[in-house]
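Here is a set of short exercises to work through with a molecular viewer open. Try each task yourself before reading its solution.

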Amino acid sequence: MEEQKYVIAIALAEQNNKRLMPLGGKTFSGVNTLSQSSKKEVEKIILDLLLRIFQRTTEGSLKISNDESGLLLAEISFESLHNNIPVIKSNWINSGDTDTLIEKLKSICSNLWSIKFQKHEGIIFNDLKNKKLS
């Protein structure tokens, strides 16, 4: 039986001069995360996270921390999610060191993408582990 993957969307944001890292995710089993059939499910994860972030705008000024890697998508084992993400999240919130965050995520995730929206093309996935666009 194939190991279940957990796919998480991660936003690196700042609100009222404080860093925050909201997460959203879903368990996937036996699928290619960015295949055409799975892309809709992945896009729902991203949309859910972005809607939660949008709702926070009533609490004060909100911005994504970095244009290049402010919104991420990671494919991770359930064990790594529970054992490593809380520490990585806390370290980034305290330090704001996005380069270290990305390197730590690369080391524990089976796949890692930055996400952008491009007019007339839609969601663009930039593969941070293998350096290619999807």
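The exercises below go from the whole chain down to single residues, and the model they use is a predicted one.

**Exercise 1. The whole chain**

Task: Describe the secondary structure of the chain and decide how its radius of gyration fits the value for a compact globule.

Solution:
- Step 1. Start with the inventory: the chain has three helices and nine strands.
- Step 2. Put these elements in sequence order, and the pattern reads β-β-β-β-α-β-β-α-α-β-β-β.
- Step 3. Turn to the dimensions. Along the principal axes, the C-alpha atoms occupy a box of roughly 45 × 35 × 25 Å.
- Step 4. For 134 residues, a compact globule would have a radius of gyration near 14 Å, and the chain agrees, because its own value is 14 Å.
- Step 5. Look at the contacts with a separation of 6 or more: 60% of them join residues 24 or more positions apart.
- Step 6. Finish with the surface. Buried residues account for 40% of the 134 residues, while the accessible surface is about 8000 Å², with 49% of that belonging to carbon and sulfur atoms.

**Exercise 2. Two nonpolar cores**

Task: Find which residues of the largest nonpolar core touch the most other members, and which elements build this core.

Solution:
- Step 1. The largest nonpolar core has 19 residues, and Ile10, Leu72, Leu101 and Leu105 touch the most other members.
- Step 2. Two or more residues each come from strand 1 (5-11), strand 6 (71-77), helix 2 (78-95), helix 3 (98-108) and strand 7.
- Step 3. Now set this core apart from a second, separate one of 14 residues, which includes Ile45, Leu49, Trp113 and Ile115.
- Step 4. Take Leu105 as a worked case. Beyond its neighbours within four places in sequence, Leu105 is in contact with Ile10, Leu72, Ile85, Ile88 and Leu112.
- Step 5. As background, nonpolar side chains tend to be buried together in soluble globular proteins.

**Exercise 3. Helix 3 and its start**

Task: List the buried residues of helix 3, name elements that cover them, and find the cap at the N-terminal end.

Solution:
- Step 1. Thr98, Leu101, Ile102, Leu105, Lys106 and Ile108 are the buried residues in helix 3.
- Step 2. To read that spacing, recall that an α-helix has 3.6 residues a turn, so residues three or four places apart point the same way.
- Step 3. The cover over the buried residues of helix 3 includes strand 1, strand 6, helix 2 and strand 7.
- Step 4. At the N-terminal end, Asp97 acts as the cap, with a side-chain oxygen 3.3 Å from the backbone nitrogen of Asp99.

**Exercise 4. Two residues of helix 2**

Task: Is Ser80 buried or exposed, and what does Ile93 contact beyond its neighbours in sequence?

Solution:
- Step 1. Place both residues: Ser80 is in helix 2, and Ile93 is found there too.
- Step 2. Ser80 has a relative accessible area of 13%, so Ser80 counts as buried, the limit being under 20%.
- Step 3. Leaving out residues within four places in sequence, Ser80 is in contact with Ile85 and Ile108.
- Step 4. Ile93 has 28% relative accessibility and therefore counts as partly exposed.
- Step 5. With residues within four places in sequence again set aside, Ile93 is in contact with Arg19, Leu20 and Met21.
- Step 6. Ile93 and Lys18 are 75 residues apart in sequence, yet their C-alpha atoms are 8.1 Å apart.

**Exercise 5. A hairpin and a loop**

Task: Work out how strand 7 and strand 8 pair, then locate Arg56 and its contacts.

Solution:
- Step 1. Strand 7 (residues 109-118) and strand 8 (residues 122-127) pair in the antiparallel sense, over six bridges.
- Step 2. For a reference pair, use Phe117, which stands opposite Ile123 in strand 8.
- Step 3. Three residues lie between the strands of this hairpin, where His120 takes a positive phi near 70°.
- Step 4. Move on to Arg56, in the loop between helix 1 (36-55) and strand 5.
- Step 5. Arg56 counts as partly exposed because its relative accessibility is 30%.
- Step 6. Apart from residues up to four places away in sequence, Arg56 touches Gln15, Leu20 and Leu62.
- Step 7. Arg56 and Gln15 are 41 residues apart along the chain, and 8.7 Å separates their C-alpha atoms.

Key:
Residues numbered from 1 in each chain as written. Predicted model: local features only at pLDDT ≥ 70, side-chain atom pairs only at ≥ 80, totals over all residues. Heavy atoms only, no water. Pairing = 2+ DSSP bridges. Helix = DSSP H or I, 4+ residues; strand = E, 2+ residues; numbered from the N terminus. Core = buried A, V, L, I, M, F, W, Y, C linked by side-chain atoms within 4.5 Å. Buried < 20%, exposed > 50% of the residue type's maximum accessible area, 1.4 Å probe, protein only. Contact = heavy atoms within 4.5 Å. Rg over C-alpha atoms; globule rule 2.2 N^0.38 Å. Areas by Shrake-Rupley, 256 points an atom, 1.4 Å probe, with all protein chains shown as cover. Polar contact = N/O pair within 3.5 Å; in protein donor to acceptor, adjacent residues only side chain to side chain.
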